[in-house]
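Please look through the sequence and the model below. The text after it walks through a few of the structural elements.

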Amino acid sequence: MEVLQFIDTKTVPDIVHTYSPELKKNAVPIIIDNGSYTCRVGWATSSEPLIQFRNLIAKPRRERLKKDTIEIPQTPQLQVGNDIVNIEAVRFQLKTQFDRNVVTHFEAQEHLLDYAFSHLGINTEDCVPHPILCTEAVLNPNTSRQLMSELLFECYNVPGICYGIDSIFGYHNYHKPMESALIVNLGYQCCHIIPVLNNQTNFENTRRLNTGGFHIVNFLHRLLQLKYPVHATAITVSRAEELLHNVCRVAVDYREELKKWANAEFYENNVKKIQLPFTVNTITSAVTLEQQKERKRELARRLIEINARKREERLAEDEEKIGQLLDIKEMIELGADRETIERTLTEFQIKNVLDLEKTIFTLNTKIEKTKQKILAASSNIDEMEEPQAKQSKFSKMAFESDKEMYVFVQNVRKLKQEILTKKMVRKQRKQDMAKRRTAAGQERMRIISQLARKEKGNDDFGMRDEDWDIYKTISKDGGDSDSEAENEKLLEFDEILRTHEPSELGDCSQPGEAHQLHIGVEMFRGPELIFKPYMIGSQEAGLSEVIAYVLSLFNPDDQLKLASKVVVTGGLADLPGLRDRLLTDLISVRPFKSTVNITIINNASLSSWYGARNFAQSAEFMDTLVTKKMYQEMGAEYFKVHKYSNPFNASPTSIAVEGDLCV
């Protein structure tokens, strides 16, 4: 079976595009598809978005300096979008401007807009002299839109802004736009079901499912880490995303799919094996072992030489001291002054003449022993040999045939298993004895109570042989414990198996087989989350149930129009099997023989940008722009309504209440 490899795609930093005079002169609109996963930016005259980057910034923390340092702390470099080459290295420092699918962190949004405008090549001072067409979420809150308008008008001084819903743009980019349709937008943070009747978006019956690609990726990431805890660090979120887009698929019938994967033969034929990166441990050669032995010999020689040098130094010190003591003895024999002799003896910490004789004798003996040690060490320094390794007695065993060796090894394994089973039974019995309500514990208490009821004066327990059986029964150890003989036997059996039994991996096995991920039912379990959100503890209904509920809000004729034209868009729309699953689920909830048609938009992830670009090229676009003058007159939350936009509902103004407040 083919083993797949992780691509581990690294982002390439975006280039700074040329800002031509024609773009500046004609004030070409800038299209910003501000998605919660990816941001796509380009000119309205371009066929494709010039810049595509993750809506993320990485802001490293400042390093804490010690109190003694006088250096000025340097501000860490901010990484934005595709400047984050290795996203896993800064995973815990990532920030986004989104809370779910609504922009709330406008400091991060400003950094991302700076990145987009600078890489478009716009070099004008204090302004971006181009109208902006920006996508937003369905029924985006007024506060979010208000702060976005303030940012674009006040910070970038743009001439005009137009807002539109990303999924509606993507739907109208479809090559056969229809008057009525049910739009299913599968986003990164959530999914939306948007009914469109007679070219009018019905916002009252629009519903949102708070499960999206983000939750699927994290769910798949946790599943694989629990399945392979040894490789938990190698299974990253980026690799989980790669598995979602390249391996995962949607099951038409999830329960039936689980039954198929329970079959071992089906599992072996359909499992996806994916190789994790690993390093091969090189086996040390014979030359290296010889070098290690030689190094040990050299170290031993050095130690002997160091000890010999120390002995020679001590010998020189002792000879010098004994020479001084002999001079003192000679002074005494020549009849020197008593005061001089006492002063000299005191300097050498000697009490009297007898003590002097004793010290001279001791030093002579010590000098003789030291000379003998030096002589013995110099004669043996070149006679060092490496002690031969003790050969195992089991390596000498010979067998007439491979079958005989196989039978022998199997018997050894059987004996080893019997000892392990006995140890396990004893361990379980100890645990049962410690518990009060187990059968073993109750039997022990019954026997103890019977012994306690005997007459105190007739304490002859232990005098008979059968008393030992009772003692073994009531003993917490069960009358038996792990003996040293058993432990020695286990060590002996392990040595036999290491000597004669082949390795579990075998010689023909690949070294990276232990570093492979086997993706079986996980490839269906991850995408199944949007149909069964309860798998992550959510109480919401699944995608099919929400679609059925939205259809139930309309009369039968409108239900027929919507069900016959279901259009799926968004980043998850390209999952294999999604169309068949939605078709099966909708047929099961629709009336008998009713028409159900599911359409997946081609290139669904870019369809919103294409639809916004087409709208910016139309004559209607200039009439939908909110200029800076309108912004100043009508407020930051004001925008013009069009067929691609959200409805405008002004925020209620605060009403002053006159009179005293009743407490």
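The paragraphs below cover two sheets and one helix of this predicted model.

Begin with the open sheet whose strands follow the order S1-S16-S17. Its three strands show mixed pairing. S1 and S17 are the edge strands, each pairing on one side only. On average, neighbouring strands in this sheet are turned by 35° against each other, direction ignored. Between S1 and S16 the pairing is parallel and runs over three bridges. One residue to locate here is Leu-4, whose bridge partner in S16 is Ile-274.

The strands of this sheet also meet helix H6, which spans residues 237-246. Because seven of the 10 residues of H6 are buried, the helix is largely enclosed by the rest of the structure. The buried set consists of Val-237, Arg-239, Ala-240, Glu-241, Glu-242, Leu-243 and Leu-244. These residues pack against strand S1 (3-5), strand S16 (272-275) and strand S17 (516-519), and also against strand S4 (51-54) and helix H5 (213-227).

A second open sheet has three strands in the order S6-S5-S7, with antiparallel pairing. Strand S6 (79-80) and strand S7 (94-95) each have a single partner strand, so one side of each is left without a neighbour in the sheet. Strand S5, residues 57-58, is joined to S7 by two bridges, and these strands run antiparallel. Within this pairing, Ala-58 has Leu-94 of S7 as its bridge partner. As general background, strands of a sheet pair through backbone hydrogen bonds, in either the parallel or the antiparallel sense.

Technical notes
Residues numbered from 1 in each chain as written. Predicted model: local features only at pLDDT ≥ 70, side-chain atom pairs only at ≥ 80, totals over all residues. Heavy atoms only, no water. Pairing = 2+ DSSP bridges. Helix = DSSP H or I, 4+ residues; strand = E, 2+ residues; numbered from the N terminus. Buried < 20%, exposed > 50% of the residue type's maximum accessible area, 1.4 Å probe, protein only. Contact = heavy atoms within 4.5 Å. Axes fitted to C-alpha atoms, helices over the stretch in contact; angles between N-to-C directions.
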